[in-house]
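Me: I've got a chain open on my screen and would like to talk through how it is put together. Can you take my questions one by one?

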Amino acid sequence: MLQRNNVLRAISDTTWGCSPSDLRSAYLAFSRACADYAAGAWMPGLSESGLRELETVQRQACRTITGCVRSTPVDALAREADLLPFSARRRQLAAVAVERHSRDLPDDPVQRILLPENRPRQRLRYDRGWARTGQELSKDAGLDDFPREPLLVVANTPPWESPPPPTIFFHTGLVRPVPHNAPAEQRRTAAEETLAGLPNPDVQAFTDGSATAGTERGGAGAVVYRSGREVKRIRAPAGRFTSSYTAELLALRETLKYIESILTDQDPALCIQLCTDSLSSLMRLREGPASQTERAADQVWLSLRRLGRRHRVDLQWVPGHAGVAGNEIADAVAREAAELPQDGIPITFVAAKSLLKRHVSREWVESTRHSRPAPATRPHLSHDYHGVVGPGRVRLADRLGLSRREDTALVRLRTGHSPALQAYRHFIGVEEDDGCPTCGGGDREDAEHFLTSCPATARVRHDVFGRDDPTLREVFADPCRVIEFLRRLGRL
Ligand SMILES: [Zn+2]
C-alpha cells in the first residue's frame, strides 16, 4: 500500500494535479484494494500495532488527497478525505461477512460458526473475532429483526444460455446526448425524440423506484399503457431497509410480471417498451442474465427471456425529473408505494451492506464530533463540515470548479492547520508570536480571526460576505466567497 500511495503523489501536488475526488478513487481502487483483499476474514482480528500501521498508510493517502499538512488532526483529516479509518471499517467488514454467511445454504460450514453454541473459544481478551464483532454490529444497526433474502448463489440462467434473445434491446442513451444538468425542458424534448424513434409500442410502461435517503422505506411504482391507454398503476413496497437500485429492480420485476399476466397466447408478436430513469440498473441488466447477483435482477431476466421468445422488448433509459409524463407518474406512484406496510419484506444483501456502512460511518462521525483539536489551531470546522457543506465533501472541488490550489487553501483553513495563518506558523515554531500581523491588535490570527473578525480586513469582508461579522459556519457555507476573500487579500 505504501508504495502504491506514491502513484497518488506522482499525479498531484498541493498546487496542481488531479482533483480530490479522482485521487480518492485512485486510492480506493489501487491502494486500499490491497488491504481489502479477504479483509472480512483477517482485519477484524488484527492486532492494535498492525492496525496502526494500516492507519498510518491511509493517513498519508488522506494528506495527498486533501493537501492537508502533516500536523492536521487525524479525525479532521479522515473527514476531509471522506475515508473511514480502518478501526471503524474492520467492524463494518466483519458485519458484512456475518450478513453474507447468514444467507448462505444451511449446510454452509461457516454459517455454523455463527450459532452461539458453536462459537470458538475466545483466546485473547482483545480479539473478539469477526463473528461476534459482526453480530453485535448487525444488532446495533437494527438488522436483527429482519428476514434476510437468501443470496443468489447461481443465476437461474446457465452461462451458455447467457447471450440474451436477439429481441431484447437495451438503450442506455438518448438520440442526442444532453448533459445531466441541462434544463428539464431540453432533457424532456431529447427523451421524447428518443422514444418517438423506437418502434411504436403496443405495451409501454414507465417504472421507478424510490427510497428515502437512498436506503430506507423503499417503494416500487410503475404505470402501464396498452395501445396508448393507461391500464394499470403498480405499487409495491420495497422494504423498510433497501437501496434505490433494489427498488428500481423491483419496479421492473413487478411490471414485467404484470405484462406477462395480461398477454395471452392469442396475441400476435408485440412491441413492449419499458422506460426507467435508473441508468445503473439498466447497465447492470445489460451485462446478461448469468452476471446478475440480485434475486430481483435474476427474476427480471427470467421474465425478459419468456417475453423475448415471442415479442420485441425495448428497455430505454429516460432522464428523471425532466417532465416526461410517464416518468413523472411512475415517480409519484413509487413514492405512494413507499408508504405501504413494509413488514415481512426480506432485506437484500446489498441493502444490508449499505445500511451497515452508513451505520458505521455515522457512529464514527459521532465519535469525532467530541474530539478536541489542538488548542493552538482551534477552532476548526472539519468536524462540522458535513453539516455546513453537505455530503460529497471530496467532490466539492469538481462541483464548484475549484483549482487544486484553491481547494487546498480551503481545506487547510477548515482544519485550522494552514501555513497562511500566523497562529499555525507559531504552532510549528517558525514565528515567535501568534498575534495577527495584519491588524496588529494582538489577537491570535487563527481561522476565525482571519475570516470573521480581523478589523483590518473588515471592508473586504463586508464586500465579499455582505456582513462585517459572519460566523465561521456561514463563511464556509459558501466556499467560492472564501476563495474570493483570499484573492482580494492576496493570500492565494
Ligand atoms: Zn487581525
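**Cores, domains and a sheet**

Me: Which residues touch the most other members of the largest nonpolar core?

Reply: Bear in mind that this is a predicted model. The largest nonpolar core has 56 residues, and at least three of them come from each of domain 1 (2-149 + 353-369) and domain 3 (379-488). The members touching the most others are C62, A81, A94, A352, L355, L356 and V482.

Me: Let's zoom in on A81. What does A81 touch, leaving out residues up to four places away in sequence?

Reply: A contact here takes C-beta atoms within 7 Å. With residues up to four places away left out, the contacts of A81 are R24, C62, I65, T66 and V394.

Me: And how many residues are in the other core, the one with A191 and F206?

Reply: That core lies apart from the largest one. Its members include A191, A205, F206 and V224, and its size is 44 residues.

Me: How far apart are the centres of domain 2 and domain 3?

Reply: Domain 2 is assigned to 159-345 and domain 3 to 379-488. Taken over C-alpha atoms, the separation of their centres is 47 Å.

Me: Now the open sheet of 6 strands: which are its edge strands?

Reply: The order is β1-β6-β5-β2-β3-β4, and the pairing is mixed. An edge strand pairs on one side only, which here goes for β1 (168-171) and β4 (229-241).

Me: Is β6 mostly covered or mostly uncovered?

Reply: β6 pairs in parallel with β1 over 4 bridges, with H171 standing opposite Q316. On the β5 side there are 6 bridges, also parallel, and L274 has L315 as its bridge partner. As 5 of the 6 residues in β6 are buried, the strand is mostly covered.

Me: Which residue in β5 is the bridge partner of V203?

Reply: β2 (residues 203-212) and β5 (residues 271-276) are joined in the parallel sense by 5 bridges. Look across from V203 into β5 and the partner is I272.

Me: What angle does helix α12 make with β6?

Reply: α12 (residues 295-308) packs on the sheet and touches β1, β5 and β6 (312-317). The direction of α12 and that of β6 make an angle of about 135 degrees.

Me: Last one: how far apart are the end C-alpha atoms of residues 199-339?

Reply: An unreviewed UniProt entry annotates residues 199-339 as "domain: RNase H type-1". The span is 38% helix and 33% strand, and its end C-alpha atoms are separated by 36 Å.

Notes
Residues numbered from 1 in each chain as written. Predicted model: local features only at pLDDT ≥ 70, side-chain atom pairs only at ≥ 80, totals over all residues. Domains from an automatic or database assignment. Core = buried A, V, L, I, M, F, W, Y, C linked by C-beta atoms within 7 Å. Buried ≥ 20, exposed ≤ 12 C-beta atoms within 10 Å, placed from the backbone. Contact = placed C-beta atoms within 7 Å. Pairing = 2+ DSSP bridges. Helix = DSSP H or I, 4+ residues; strand = E, 2+ residues; numbered from the N terminus. Axes fitted to C-alpha atoms, helices over the stretch in contact; angles between N-to-C directions. UniProt positions renumbered as here; feature names shortened; annotations may be inferred.
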